[in-house]
Amino acid sequence: FFFFPSMLRLLRPFSHAPRPARLASTYAWGAKLPQTHTSKLADAEAPALVEALRDLQVQCASVGQAHALVVTQGGKVYAWGKNKDGELGLGTKTDAEPLSLVAELDGANVVDVAAGKNFSAAVLDNGELYTWGFGGSLLSGQGALGHGDKASQELPTYVEQLANVRIVKVSAGASHCLALTADGAVYSWG
């Protein structure tokens with residue numbers, strides 16, 4: 001099996017005074033972490049600085065079973081890992097080592113991401129929610145993408161069922177999602 005880190009966390013120095021975003025660093029531990037922009041993935045048994053993310057000013061991150069997502073300052077989404085079901089959002093099912101820009105969301109300002117077992121979700125600053133990856137099957141019947149069917153998507157796809165609400169946060173489990181609206185309502189599917 002090919003596993004990714006069970007933890008990916010942003011660590012920021014504590015201070016009462018504002019600090020430059022440059023001091024934000026991303027640490028991870030577990031298996032198959034990106035070390036540089038050109039190297040293969042490597043294991044880490046203790047928290048280690050993710051060198052491939054050093055200059056990207058990561059704002060938030062999420063890990064699935066075998067893939068990871070980060071949002072950088074400026075709202076760009078980068079993904080890496082296994083891509084069997086299109087969970088990286090790259091328009092293919094080819095694995096990505098170590099980092100790939102999710103081009104379909106380039107130009108949008110992404111503010112939050114969530115990685116499920118083999119699917120992903122992103123919230124834009126305008127409140128739109130996009131999902132991609134594994135949608136379900138006859139055997140698993142998940143519908144984790146929230147599009148009203150079990151179709152898988154290799155590219156980020158707008159969740160039209162939430163068109164009349166403003167989403168501010170998203171969270172993913174193995175095969176389900178929760179979305180928090182600006183007025184405090186929670187939507188669930190999968």
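Start by selecting Asp95, which counts as partly exposed, at 38% relative accessibility. You are looking at a predicted model, so keep that in mind as you click around.

**Stop 1: the Asp95 pair**

Now add Lys82 to the selection. Lys82 and Asp95 form a salt bridge, and their closest N and O atoms are 3.2 Å apart. Both residues lie in the loop between β6 and β7, so the pair ties together parts that are 13 residues apart in sequence. Lys82 is partly exposed too, with a relative accessible area of 30%.

**Stop 2: step back**

Clear the selection and show the protein chain as a cartoon. You'll find zero helices and 14 strands. Of the 190 residues, 42% count as buried. Take the contacts between residues at least 6 apart in sequence: 45% of them join residues at least 24 apart. If you switch on a surface, the protein chain exposes about 9,400 Å², with carbon and sulfur atoms supplying 52% of that.

**Stop 3: strand β5 and its partners**

Select residues 67–72, which make up strand β5. How many of its six residues are buried? Six of the six are, so this strand is mostly covered. Turn on the side chains and look along the strand. His67, Leu69 and Val71 point one way, while Ala68, Val70 and Thr72 point the other way. That fits a general pattern: in a regular strand the side chains alternate between the two faces of the sheet.

Next, add residues 58–63, strand β4, which runs antiparallel to β5 and is joined to it by five bridges. For a landmark, find Val58 in the display: Thr72 of β5 stands opposite. The link from β4 to β5 is a hairpin that passes through three residues.

Then add β6, residues 77–81. Five bridges join β6 to β5, again in an antiparallel arrangement. Pick Val70 and look across to its bridge partner, Tyr78 in β6. The hairpin of β5 and β6 has four residues between the strands, and Gly74 there takes a positive phi near 95 degrees.

**Stop 4: a tie from that hairpin loop**

Stay in the loop between β5 and β6 and select Lys76 along with Asp106. They form a salt bridge, the closest N and O atoms being 2.4 Å apart. Asp106 sits in the loop between β7 (96–101) and β8, so the pair ties together parts that are 30 residues apart in sequence. Which side of the burial scale are they on, buried or partly exposed? Lys76 is partly exposed, with a relative accessible area of 33%, and Asp106 is partly exposed at 37%.

**Stop 5: the four-strand sheet**

Now show β8, β9, β10 and β11. These four strands form an open sheet in that order, with antiparallel pairing. At the edges are β8 (110–115) and β11 (153–158), each of which pairs on one side only. Neighbouring strands in this sheet are turned by 15 degrees against each other on average, direction ignored.

Zoom in on β8 and β9 (residues 119–124), which are joined by five bridges and run antiparallel. Val110 stands opposite Leu124 in β9.

**Stop 6: Val113, a busy neighbour**

Within β8, select Val113. Val113 counts as buried because its relative accessibility is 5%, below the 20% cut-off. Leaving aside residues up to four places away in sequence, Val113 touches a list of residues that includes Leu69, Val71, Val77, Ala121 and Val170. Ala61 is another residue touched by Val113. Those two are 52 residues apart in sequence, yet 6.8 Å apart in space, C-alpha to C-alpha.

**Stop 7: from β8 to β12**

Select Asp112 and Lys169, whose salt bridge has its closest N and O atoms 3.6 Å apart. This one links distant parts of the chain: Asp112 is in strand β8 and Lys169 in strand β12 (residues 167–172), 57 residues apart. Asp112 is buried, with a relative accessible area of 5%, whereas Lys169 is partly exposed at 45%. In total, the count comes to three salt bridges.

**Last stop: a nonpolar patch**

Finish by selecting Val168, Leu178, Leu180 and Val186 with the surface on. They form a nonpolar patch with about 290 Å² of accessible area together. Leu180 belongs to strand β13, residues 177–181, and counts as partly exposed at 32% relative accessibility.

Methods:
Residues are numbered from 1 along each chain as its sequence is written. This is a predicted model: local features need pLDDT of at least 70, side-chain atom pairs count only at pLDDT 80 or more; totals for chains, interfaces and linings use all residues. Side-chain values use heavy atoms; hydrogens and water are left out. Buried means under 20% relative accessible area, exposed over 50%, partly exposed in between (1.4 Å probe, protein chains only). Helices (H or I, at least four residues) and strands (E, at least two) are DSSP runs, numbered from the N terminus. Two strands pair if DSSP finds at least two bridges between them. Patches are made of residues with over 30% relative accessible area and no salt bridge: like charges are joined within 9 Å, nonpolar side chains (Val, Leu, Ile, Met, Phe, Trp, Tyr) within 5 Å. Accessible areas come from the Shrake-Rupley method with a 1.4 Å probe; for residues, only the protein chains shown count as cover. A salt bridge is a side-chain nitrogen of Lys or Arg within 4 Å of a carboxyl oxygen of Asp or Glu. Axes are lines fitted to C-alpha atoms, for helices over the stretch in contact, and angles run from 0 to 180 degrees between N-to-C directions. Contact means heavy atoms within 4.5 Å.
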